[in-house]
Amino acid sequence: MIEICDIRKSYGDKRAVDGLTFKVEEGEILGFLGPNGAGKSTTLNIITGYLSADSGVAKIDGTDILTDPIKAKKDIGFLPEIPPLYPEMTVLEYLNFVYDLKGCKLPRKQHLKEICEVVKIWDVGKRLIKNLSKGYKQRVGIAQALIGNPKVLIFDEPTIGLDPRQIIEIRNLIKMLGKEHTIILSTHILPEVQAVCDRIVVINKGRIVANEKTEDLINAVDGSRKLVAKIVGPEEEVLKALRAIGGIKTADVLGKRDTDSISYLIESQDRVDIRKPLFYTLSSKNWPLIGLEGVELSLEDIFMRLVGKEKEKETGKKSKRGGN
Amino acid sequence: MLAIYMRELKSYFLTPIGYVFCGMFLVVSGLAFSECTLMRQSTTSIGEYFVWMMMIFAILIPILTMKLFSEDRKSRTDQILLTSPVSILGIVMGKYLAALTVFGVTFIVNSFNFVLLFFYGTPNATSILMNVLGIFLLGAAFLAIGIFLSSLTENQLIAAVSAIGVNAAMLIISLFSSGIENSFFRTVLKWFSVIDRFTPFTYQMLDVSAIVYYLSLAAVFIFLTTRVIEKRRWA
């Protein structure tokens, strides 16, 4: 549905996007991840035709955005980083304007009402956009993208500035939209991607560092898992026993909260499940295990490791060259 | 294009800009009109009124055009325009025609001033009609200059001030052109002088070349605006 082939874009001397290539299949929700300044927004702006790439091709449903922009743009609904709203208009005036702008053919009243109900802005329809809260403005931005029921939806950080309840609502909304649309969701919040996306593309400095199915990404990054165990028992001995278990890389005291139990941070070796040996060891010593939870890798962790791997590869290549 | 035209037109009156423009236009031109005709109890000095109008246009028209592209760019609303299935020329023309409509309607309302003259004397109707046509075309050209300068910056004030400057320069330039020895430069300067082209209208001549001049001036700046927008995508 969306095809990006070797896209490059520089701003003066600064390389913003440096040879990106990826595809998004029909009906897929793609998470587009990267730290600030990685080139996410630039890439999305190129896909939507707001910017032109220095080289490379972006195709929407087989139509090149550069050679046939009007046809390609008909299939795109785009929510940019800053929602493109006119503050002096009311919500409904604005949506009617977008409806006309996109040359939408669906029945006007019904279509706009449906969209307003989906993103829950029907009750603010007659208010001026400038008087809306950030969360509502964001939703009007999403509503705008949905007008005309385009095949492709592109959201640039849609949950930024929203409160937790709204974030969950928007995520559910995107999930629901994903059933009928192809979606690119740009973000730097990992749980968001995990909750919503089928596949993740991670970019850094304008280059792809990972392009994996969501569930594979964390494993692909690093097989080791971190656990936090709450154990009742003498600190020194527990630590000694933990470190003696095969498959445990490190074990450290994380903190003491209750009077008798202590939390330990345990890191396993790659792809080893240490939960069972941990349990048996503790039960044999009569130290109750009163809590055990996995520590999810944060985006920062994943990211640092991906970038770390990249660097290793680069230095590896260089040393190989040096060897030759 | 129609959607953009309608939105810009509405936006003029959802913000104070439209009212300020209409009000200032009518007040200032009304003052100039009274001074040149009613106060002097004569209809022969109406030509002077049109010279006043040129100066008023040079200053007031940038009020209409200053926000057209600079505001969109600053608030990033240009993203919805440029990612929608509309051509760049369609966007520019939509905005231009909206400004032209506000200008034109105010201009027509203002032209009722001339009706007054017919109550008190026998003014030369052809002369007035020709002058009105000429000055309207001049306004249309100034609008295009304004829209072009608005596309160059995201600061409305800069757009307005530079447009006033360019308009004023095009009015003043004719004073210089006669003093220049080199005939090549003189011809080039004359080409930019909007007053020189206005002269036929004051002589009650329907000069096609003058009409074409003003229209092509507008067309050139509209074209340049589309190029600026197009170029920005590649920046």
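A crossing of two helices is right-handed if the near helix is turned clockwise from the far one by less than a right angle, and left-handed if the turn is anticlockwise. This convention is needed for the helix pairs of chain B, to which the account turns after an outline of both chains. The model is a predicted one.

Chain A combines both kinds of regular secondary structure, with eleven helices and 14 strands. Along the principal axes, its C-alpha trace spans about 75 × 60 × 30 Å. Chain A has 324 residues, of which 39% count as buried. When contacts in chain A are restricted to residues at least 6 apart in sequence, 67% of them join residues at least 24 apart.

Chain B, by contrast, contains twelve helices and zero strands. Its pattern along the sequence is accordingly α-α-α-α-α-α-α-α-α-α-α-α. The C-alpha atoms of chain B fill a box of roughly 55 × 45 × 30 Å along the principal axes. The radius of gyration of chain B is 19 Å, which agrees with the value near 18 Å that a compact globule of 235 residues would have. Of these 235 residues, 41% count as buried. Of the contacts in chain B between residues at least 6 apart in sequence, 76% join residues at least 24 apart.

Within chain B, two helix pairs share the partner H8(B). In one of them, helix H3 (residues 46-65) and helix H8 (residues 125-152) of chain B have axes that come within 9 Å and cross at roughly 25 degrees. Because angles under 35 degrees count as roughly parallel, H3(B) is classed as roughly parallel to H8(B). Their crossing is right-handed. On the side of H3(B), the residues making the contact include Phe50(B), Met53(B), Met54(B), Phe57(B) and Ile61(B), while those of H8(B) include Ile135(B), Leu138(B), Gly139(B), Phe142(B) and Gly146(B). By residue class, this contact comprises 15 nonpolar and five polar residues, with no charged ones.

The other pair joins H8(B) to helix H4 (residues 67-74) of chain B; here the axes come within 6 Å and cross at roughly 20 degrees. H4(B) is therefore also roughly parallel to H8(B). In the sense defined at the outset, H4(B) passes H8(B) in a right-handed crossing. The contact is formed by Lys67(B), Leu68(B), Phe69(B) and Ser70(B) of H4(B) together with Ile147(B), Ser150(B) and Ser151(B) of H8(B). These residues divide into three nonpolar, three polar and one charged. Ile147(B) and Ser150(B) of H8(B) also appear in the contact with H3(B).

The two chains touch each other through 24 residues from chain A and 19 residues from chain B. On the side of chain A, helix H2 (69-74), strand S6 (76-79) and helix H3 (91-101) each supply at least two residues. The greatest contribution on this side is that of H3(A), with four residues. The residues of chain A that touch chain B comprise 14 nonpolar, five polar and five charged.

Some individual residues merit separate attention. In chain A, Lys151(A) is placed in the loop between helix H5 (134-146) and strand S7 (152-156). Lys151(A) counts as partly exposed because it has 18 C-beta neighbours inside 10 Å, whereas a buried residue requires 20 or more. Apart from its neighbours within four places in sequence, Lys151(A) is in contact with Met1(A), Asp61(A), Asp75(A), His181(A) and Thr182(A). The C-alpha atoms of Lys151(A) and Ala72(A) are separated by 10 Å, although the two residues are 79 residues apart along the chain.

Two further loop residues are notable for their backbone conformation. Asn286(A) has a phi near 65 degrees, a positive value in a residue other than glycine. Asn286(A) lies in the loop between helix H10 (275-284) and strand S14 (289-295) of chain A. With 8 other C-beta atoms within 10 Å, Asn286(A) is exposed. In chain B, Gln204(B) likewise has a positive phi, of about 60 degrees, although it is not a glycine. Gln204(B) is found in the loop between helix H11 (199-202) and helix H12 (208-234) of chain B. Gln204(B) has 14 C-beta neighbours inside 10 Å and so counts as partly exposed.

Key:
Residues are numbered from 1 along each chain as its sequence is written. Chains are lettered from A and ligands numbered from 1 in the order in which they are written. This is a predicted model: local features need pLDDT of at least 70, side-chain atom pairs count only at pLDDT 80 or more; totals for chains, interfaces and linings use all residues. The radius of gyration is taken over C-alpha atoms; the globule rule is 2.2 Å times the number of residues to the power 0.38. A residue is buried if 20 or more other C-beta atoms lie within 10 Å of its own, exposed if 12 or fewer, and partly exposed in between; C-beta atoms are placed from the backbone. Two residues are in contact if their C-beta atoms, placed from the backbone, lie within 7 Å. Ala, Val, Leu, Ile, Met, Phe, Trp, Tyr, Cys and Pro count as nonpolar, Asp, Glu, Lys and Arg as charged, and the others, Gly among them, as polar. Axes are lines fitted to C-alpha atoms, for helices over the stretch in contact, and angles run from 0 to 180 degrees between N-to-C directions. Angles under 35 degrees count as roughly parallel, over 145 as roughly antiparallel, 65 to 115 as roughly perpendicular and the rest as oblique.
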